[in-house]
Amino acid sequence: MLVNLLDFDLEHLSEYCESLGEKRFRAIQLFRWIHQRGAKNFEDMTDLAKSLRLSLEGSCTITPLNVLSRQNSKDGTIKWLFDVGAGNAVETVFIPEEDRGTLCISSQAGCAVGCIFCSTGHQGFSRNLSSAEIIAQLWFAEHTLRSERATHERVISNVVMMGMGEPLQNFTALVPALKVMLSDHGYGISRRRLTVSTSGVVPMIERLGQEAPVALAVSLHAAVNELRNTLVPINKKYPLVELRAACEAYLRVAPRDFITFEYCMLDAVNDTDLHAQHILDWLLPKGGNPLSAKINLIPFNPFPASGLFCSSPERVKAFAKILHNAGLVVTIRKTRGDDIDAACGQLAGEVLDRTDVSSRMQKQRIISLKKVAV
Ligand code: SAH
Ligand code: SF4
């Protein structure tokens, strides 16, 4: 099989060019053609020597993902469903706002963590995406939107790894993709505007800090082990005390001076005043060091199999007030794209029937993804 150049960060591409007997700097030209100009045919790369173009054609490809469907929300949110083969599909959501364009990217088909309030968790784990499949979501969205808007300006300013999957359980593929996003020769996304969201894969939080320090969001959902063990089962492996230590250490290398904690508001499960107090005790322990944090309360997006319900808006506000009064920065996430099931956590990209793509499309199954407006 030919090498897919979307799999490479600039370092790897340079090594690859060298292996073809080319100077390393050729890799920069090639990289810019691919990621800044959205080229997928070597013949279009007119400033590369013909001999190089021919040798690339014989040895590698630029292979994006196939789009299965696209839905546009009334509020401008766009959701794409991409085929990743063998009956699996992943989703990507673009969320336009006045001052930014955010892309929510998937890292796995399914997820092995199994959080009970998450549709991806209910569907189980299919497989890790490759670096190429991760970056292809940005490649496609950025260049499609640019051409629709007839602009050469960058459309996507922010990326959140908050689509399907647990990015830190696909670390090897994640890191090169993050590097392409961050590279000035690639998408030039700032570290502060690139967020990895994790359920708390503690050892990988440290490695992320070493290999690609970007903004970090941690899906907390409960600040006592007993409850968190049920909501976010990975907590049994990496309990709250370890998670806190990893967050403290991450803050020393993070591009932002706080960590965002996501908290999905589940009626009568984790939304009482006492639960808010647990958060305060965990983040701001009496006699201990406070952890620099921003809390993002996410109204739960229900799906039938969960058997769970969203807290009332009054409860969410009262919960936010307790945290706010204790000095924490709290935001309540607004729901975007819910008319196209692109809102946070809705039926997150369930695995498709193992039938062929066209019959799947005819069935018009609604596949959707949790999406986030950070
Ligand atoms: N696996 C990573 C990133 C993907 S999930 C993580 O868990 O952080 C992205 C965010 O969507 C997480 O904060 C997750 O808790 C939240 N989420 C999942 N299902 C949801 C639902 N049904 N309603 C609201 N938020 C949900
Ligand atoms: Fe996986 Fe995140 Fe969903 Fe939990 S919330 S099951 S970690 S995708």
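Buried means under 20% relative accessible area, and exposed means over 50%. The exercises below use these cut-offs on a predicted model.

**Exercise 1. Is Ile78 buried or exposed, and which residues does Ile78 touch?**

Solution.
- Step 1: place the residue. Ile78 lies in strand β4, residues 78-83.
- Step 2: apply the cut-off. The relative accessibility of Ile78 is 7%, so Ile78 counts as buried.
- Step 3: list the contacts. Setting aside residues up to four places away in sequence, Ile78 touches Arg70, Gln71, Asn72, Thr92, Val93, Phe94, Leu145 and Ile340.
- Step 4: add a distance. Ile78 and Asp7 are 71 residues apart in sequence, and their C-alpha atoms are 25 Å apart in space.

**Exercise 2. Which residues of the largest nonpolar core touch the most other members, and where does this core lie relative to the domains?**

Solution.
- Step 1: find the centre of contacts. The largest nonpolar core has 109 residues, and Met181, Leu208 and Phe261 touch the most other members.
- Step 2: locate the core. It lies between domain 1 (3-61) and domain 2 (66-373), because both give residues to it.
- Step 3: take one member in detail. Beyond its neighbours within four places in sequence, Leu208 is in contact with Leu168, Phe171, Leu174, Leu178, Val196, Pro213, Val214, Leu216 and Tyr250.
- Step 4: look for another core. A second, separate core has eight residues, among them Val93, Cys104, Val160 and Ile340.
- Step 5: set this in context. In soluble globular proteins, nonpolar side chains tend to be buried together.

**Exercise 3. How many residues does each domain bring to the contact, and what area do the domains bury between them?**

Solution.
- Step 1: take the bounds. The domain assignment gives domain 1 as 3-61 and domain 2 as 66-373.
- Step 2: take the separation. The centres of the two domains, over C-alpha atoms, are 32 Å apart.
- Step 3: count the residues. Domain 1 supplies 16 residues to the contact and domain 2 supplies 16 residues.
- Step 4: state the area. Domain 1 and domain 2 bury about 1,300 Å² between them, with 60% of it on carbon and sulfur atoms.
- Step 5: find the main contributors in domain 1. Leu6, His35 and Gln36 lose the most area to domain 2, together 41% of what that side buries.

**Exercise 4. Which residues of helix α2 are buried, and what covers them?**

Solution.
- Step 1: list the residues. In α2 (residues 25-35), Ala27, Gln29, Leu30, Phe31, Trp33, Ile34 and His35 are buried.
- Step 2: name the cover. The elements over these buried residues include α1 (10-19), α3 (50-59), α5 and α6 (171-182).
- Step 3: link to the domain contact. His35, buried in α2, is also one of the residues of domain 1 that lose the most area to domain 2.

**Exercise 5. Where are Ser107 and His221, and are they buried or exposed?**

Solution.
- Step 1: place Ser107. Ser107 is in the loop between β6 (100-104) and β7 (108-110).
- Step 2: apply the cut-off. Ser107 has 2% relative accessibility, so Ser107 counts as buried.
- Step 3: name contacts. Leaving out residues up to four places away in sequence, Ser107 touches several residues, including Asn128, Met161, Glu166 and Asn170.
- Step 4: place His221. His221 sits in the loop between β11 (215-219) and α8 (225-231).
- Step 5: apply the cut-off again. His221 is buried, with a relative accessible area of 3%.
- Step 6: name contacts. Outside the residues up to four places away in sequence, His221 touches Phe117, Leu231, Val232, Glu262, Tyr263, Cys264 and Asn270.
- Step 7: add a distance. His221 and Leu231 are ten residues apart along the chain, with 7.3 Å between their C-alpha atoms.

**Exercise 6. What is the phi of Ala150 and of Ala268, and are these residues buried or exposed?**

Solution.
- Step 1: take Ala150. Ala150 is not a glycine, yet its phi is positive, about 50°.
- Step 2: place Ala150. The loop that holds Ala150 runs between α5 (131-148) and β9 (158-161).
- Step 3: apply the cut-off. Ala150 has a relative accessible area of 72%, so Ala150 is exposed.
- Step 4: take Ala268. The phi of Ala268 is also positive, near 60°.
- Step 5: place Ala268. Ala268 is in the loop between β12 (259-265) and α10 (273-283).
- Step 6: apply the cut-off. Ala268 counts as exposed at 63% relative accessibility.

Technical notes:
Residues are numbered from 1 along each chain as its sequence is written. Chains are lettered from A and ligands numbered from 1 in the order in which they are written. This is a predicted model: local features need pLDDT of at least 70, side-chain atom pairs count only at pLDDT 80 or more; totals for chains, interfaces and linings use all residues. Side-chain values use heavy atoms; hydrogens and water are left out. A nonpolar core is a set of buried Ala, Val, Leu, Ile, Met, Phe, Trp, Tyr and Cys residues joined through side-chain atoms within 4.5 Å. Buried means under 20% relative accessible area, exposed over 50%, partly exposed in between (1.4 Å probe, protein chains only). Domain bounds come from an automatic or database domain assignment. Contact means heavy atoms within 4.5 Å. Helices (H or I, at least four residues) and strands (E, at least two) are DSSP runs, numbered from the N terminus. Buried area is the accessible area (1.4 Å probe) that two parts lose on being put together, summed over both.
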